[in-house]
Amino acid sequence: MAVGTSEPSTSLSPWKSQLTGTENCSCSGAPSDSSSESLKEQLRSIDEVMQAVAGTGLAPWEIHRPQQFVRDLVRKGGFSGRVLDAGCGIGDNALYIAKACPGAEVVAVDVVPRCLHFASTKAGLRGMRGKLTLAAADLCNYDKLSISIQQKLPYDIVLDSSTFHGFPDHQRDCYVSTLSRLLRAGGLIYMNCMSEEETRPGGPRRISVSELSSLFNPSTGWVVEAVVDSVAELHPTFWGGRGKARLFTIRKL
Ligand SMILES: C[S@@+](CC[C@H](N)C(=O)[O-])C[C@H]1O[C@@H](n2cnc3c(N)ncnc32)[C@H](O)[C@@H]1O
């Protein structure tokens, strides 16, 4: 995939070859050509890939610990008030924030119900049930968000850890519009996205500073307050566990 381009895709499409074993793989136990072909057939559409891996605990980004940039933000006091984890996956970031930041009221949302089941099981194992709200919802469809999400309005902070960079162009506007309706004026988004400096093949879309700024700028009701080099941590079998990323801090005007 060319970096910084606008390839129409849903969030998992760029991972597809890796997830289906169609990328070069000489490891023992890899699917044979025929089984990998049949797997490819079964996973014809990207949505099927999404359904197949998100929330299984096996997706490349499901690392079973909070992302380093989230831990850094927690250490700097970055989370307080009502916090929305947008596209929470299996919940490690949300659970960490809920535990480490007693002043934060955390709502974790994902469109894949299995992610929430996984997160809920983790919450139970860690004695965290009831310490955060877990909800299945499509953040591209504000009108269908559940009461549990809407009753916490307005949010002070949105965490987007590798969610935005998965959206195809046609979903970006409705996602950003949902975040805008959920956040209070002056509220912040912490958005960690894969950067175009990550040149290895595969992975999600890369988001350049100029691309991000074309969506989030004063004329659209936002200001990008900070841009820092960051890392998207992955399972060690993908890119050695680290992709080059950027953390954007975006304030709603
Ligand atoms: C790359 S994963 C990152 C998960 C998590 N934030 C993390 O850091 O591990 C992106 C997540 O966004 C979720 N997602 C994608 N589209 C969504 C939507 N429209 N509404 C809510 N969640 C969505 C996916 O199901 C997936 O769990």
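**Figure 1. Who sits around the ligand?** In this predicted model, the ligand is surrounded by 20 residues. The closest are Gly87, Gly89, Val111, Leu139 and Ser161. What kinds of residues make up the shell around the ligand? Sort them and you get 9 nonpolar, 9 polar and 2 charged.

**Figure 2. The whole chain, before we zoom in again.** The chain holds 9 helices and 7 strands. Of its 253 residues, 40% count as buried. Now take the contacts between residues at least 6 apart in sequence: 70% of these join residues at least 24 apart. Keep that in mind when you trace the chain in the views below.

**Figure 3. Helix H4 and its buried face.** H4 covers residues 68–75, and its buried residues are Phe69, Val70 and Leu73. Look down the axis of H4 and these buried residues fall within an arc of 100°, so they line one face of the helix. Here is a handy rule to go with that picture: an α-helix has 3.6 residues a turn, so residues three or four places apart point the same way. What do the buried residues of H4 pack against? Their partners are helix H5 (92–100) plus four strands: S4 (155–161), S5 (183–194), S6 (222–233) and S7 (242–252). After H4 comes glycine 77, and its phi is positive, near 75°.

**Figure 4. Helix H5, mostly under cover.** How many of the 9 residues of H5 are buried? The count is 7, so this helix is mostly covered. The buried ones are Asp92, Asn93, Ala94, Leu95, Tyr96, Ile97 and Ala98. What covers them includes H4, S1, S2, helix H6 (113–125) and S4.

**Figure 5. Strands S1 and S2, side by side.** S1 spans residues 81–86, and it pairs with S2 in the parallel sense over 6 bridges. To find one of the bridges, start at glycine 81: its partner in S2 is alanine 104. S2 itself (residues 104–110) is mostly covered, with 6 of its 7 residues buried.

**Figure 6. Inside the largest nonpolar core.** This core has 62 residues, and Ala119 and Val158 touch the most other members. Which strand gives the most to the core? That would be S5, with 7 residues. Zoom in on valine 158 and skip its neighbours within four places in sequence: you'll find it in contact with Leu84, Ala86, Leu179, Leu182, Leu183 and Ile189.

**Figure 7. Either side of strand S4: a cis bond and a positive phi.** Proline 154 lies in the loop between helix H7 (147–150) and S4. The peptide bond that leads from leucine 153 to proline 154 is cis, with omega near -10°. Now move to the loop between S4 and helix H8 (169–182), where you'll find serine 162. Serine 162 isn't a glycine, yet its phi is positive, at about 65°. Is serine 162 buried or exposed? With 24 other C-beta atoms within 10 Å, serine 162 is buried, because the cut-off for that is 20 or more.

**Figure 8. Strand S7 and its two partners.** S7 runs antiparallel to S5, and 7 bridges join the two. One place to look is methionine 194, whose bridge partner in S7 is alanine 245. S6 and S7 are antiparallel as well, joined by 11 bridges. On that side, try tryptophan 222: its bridge partner in S7 is lysine 252.

**Figure 9. From the S6–S7 loop into S7.** Tryptophan 239 is in the loop between S6 and S7. Its phi is near 55°, a positive value in a residue other than glycine. Tryptophan 239 has 18 other C-beta atoms within 10 Å, which makes it partly exposed. Carry on to arginine 242, which belongs to strand S7. Why does arginine 242 count as partly exposed? It has 14 other C-beta atoms within 10 Å, and partly exposed residues are those between the exposed limit of 12 or fewer and the buried limit of 20 or more. Arginine 242 and alanine 232 are 10 residues apart along the chain, but their C-alpha atoms are separated by 5.8 Å. Leaving out neighbours within four places in sequence, arginine 242 is in contact with Val231, Glu233 and Leu234.

Definitions and conventions. Residues numbered from 1 in each chain as written. Predicted model: local features only at pLDDT ≥ 70, side-chain atom pairs only at ≥ 80, totals over all residues. Near = placed C-beta within 6 Å. Nonpolar A, V, L, I, M, F, W, Y, C, P; charged D, E, K, R; others polar. Arc of directions from axis to C-beta. Contact = placed C-beta atoms within 7 Å. Core = buried A, V, L, I, M, F, W, Y, C linked by C-beta atoms within 7 Å. Pairing = 2+ DSSP bridges.
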